[in-house]
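Please find below a short note for a reader who is new to this entry. The points are numbered and may be read alongside the display.

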Amino acid sequence: MVNLSERLKSLVGKISSIVSFSDKEIEEIVLDLQRTLLQADVDVDLVFELSEKIRKKAKKEPEAGISKREYIIKLIYDELVEILGGVEEKIKLNPHRILLLGLFGCGKTSLAGKLAYFYKTKGLDVVLVGCDFSRPAAFEQLCQIAKQVNVPVINGKNLREAEKELEKHKNKIVIIDSAGRDALDKKLIEEIKKIDEIFKPEEKYLVIPAELGQDAKKQTSEFKKNIDITGVVVTRMDATAKGGAALTACKTSEAKVKFITVGEKIQDIERYVPERFVSRLLGFGDLQSLLEKFKIQEEEAKKIAEGEIDLNIFYKQLVEIQKQGSISKILDLIPGFGHLKLPAEALNVGEEKMKKWKYIIDSMTKEEREKPEIIKSSRVERIAKGSGTKVQEVNELLSNFKKMKKMTKKLKQIKKFRGIGDLAKMFGR
Ligand SMILES: Nc1nc2c(ncn2[C@@H]2O[C@H](COP(=O)(O)OP(=O)(O)OP(=O)(O)O)[C@@H](O)[C@H]2O)c(=O)[nH]1
Ligand SMILES: [Mg+2]
């Protein structure tokens, strides 16, 4: 994964240094991303599909407060998250049975130990069952692993006896290890079906080694055709540059990736969370503040859409309104909104006043900014003092805030309303 991550980080670095984004720059970014993904063995069709989406969306202008550079990085982040699975798959955290299956050497037996470790850290008891009957030393290997994580182990050689034995282990997570084969042949299918019939595991996890890359698609599809697998675990993510491709392949074959393993040690297992995975690929430190910004913006957009704004949004909107000149002229263009002209005029504030209002808002507590209705006279006095302004000026700001809130409430019936500050952009001015 090192190569892929290094190249993606360097692409993000390159984007960060671009000053203006013309079609040429965007095309270069797309081509760079394409090369990177293809080198990491991601399916060609998928790469072209993703490129097309990015090309198209990159041409749009970002919302107020977001730079084009931030917008494009977030776009790449979103599209990568999408091809790598989108949402995090749920896992059960109550006692249940898990059957591990897969071809030779894919990592089943070590995974049994890792999963035991994982569920133990969640406060659950675990028991392992060895059902690999083809390799003589298989049960011995499982016993050693069980010892490492300090959990009991049952020999599944006689399935019915093992099932009886399991009655002593009620309320535990049961993890069943099975035999591997070179290919999914009839014998393996039969063997798995038999184990499935006796133990009735709620989860059947197909174990896929990351080095399979895009071939993981073929393998998961084949297994899915014959056995109703409920999830996938991708192993050896640390040992290959093709892990990303294996994960995208799982997504295209609609197999749900629940865990990944990232080393030989028993602790080297983690839940698979596409967002976390992509953040790490792109460089988490740099990305975190950017994602935070988008999150705040999304929350603000939701508030605006509901007609519920706060003082933080109020100020940002004012800045946009000042940039765009007269808002009332734009309101005239929208059928039925001409009558909002007066309060709109009131929102065209001069530069001096904008500065003062910024001081006033900065002097408020977080709670006051988010819920201005709590600002009564004693608070007004404190804020005026703190910002070096007059009580009237604070009151004037609050009354303008109310006007904007009222307008926002009325305007929210406009389809996809993004705020008064964005009206001009929305109506092509
Ligand atoms: N680097 C690395 N090695 C791993 C990881 N998971 C498993 N391995 C190694 O992969 C090899 C095979 O693992 P096993 O757990 O024995 O695989 P298996 O599917 O049980 O194999 P069979 O029972 O022979 O089919 C072992 O050497 C493991 O140490 C991982 O996440 N990272
Ligand atoms: Mg094994």
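Which residues does Gln-214 touch, not counting residues up to four places away in sequence?

1. The model is predicted. In it, Gln-214 touches Asp-41, Val-42, Asp-43, Ala-245 and Ala-249, with residues up to four places away in sequence left out of the count.

2. As to its setting, Gln-214 is found in the loop between β5 (203-209) and α9 (216-226). Gln-214 and Ala-40 are separated by 174 residues in sequence, yet their C-alpha atoms are 9.4 Å apart in space.

3. Is Gln-214 buried or exposed? Gln-214 is classed as partly exposed because 19 other C-beta atoms lie within 10 Å, whereas a buried residue needs 20 or more.

4. A further part of the model concerns strand β7, which comprises residues 257-261. This strand is mostly covered, five of its five residues being buried.

5. Strand β7 pairs with strand β6 (residues 231-235) in the parallel sense, over three bridges. Within this pairing, Phe-259 of β7 has Val-233 opposite. Between β6 and β7 the chain passes through helix α10 (residues 243-252), and the resulting β-α-β crossover is right-handed.

6. Strand β7 is also joined to strand β8 (residues 269-271) by three bridges, and here the strands run antiparallel. Glu-270 in β8 stands opposite Ile-260. Strand β7 thus has a parallel pairing with β6 and an antiparallel one with β8.

Conventions: Residues numbered from 1 in each chain as written. Chains lettered and ligands numbered in written order. Predicted model: local features only at pLDDT ≥ 70, side-chain atom pairs only at ≥ 80, totals over all residues. Buried ≥ 20, exposed ≤ 12 C-beta atoms within 10 Å, placed from the backbone. Helix = DSSP H or I, 4+ residues; strand = E, 2+ residues; numbered from the N terminus. Pairing = 2+ DSSP bridges. Right-handed = clockwise from strand over helix to strand, strands pointing away. Contact = placed C-beta atoms within 7 Å.
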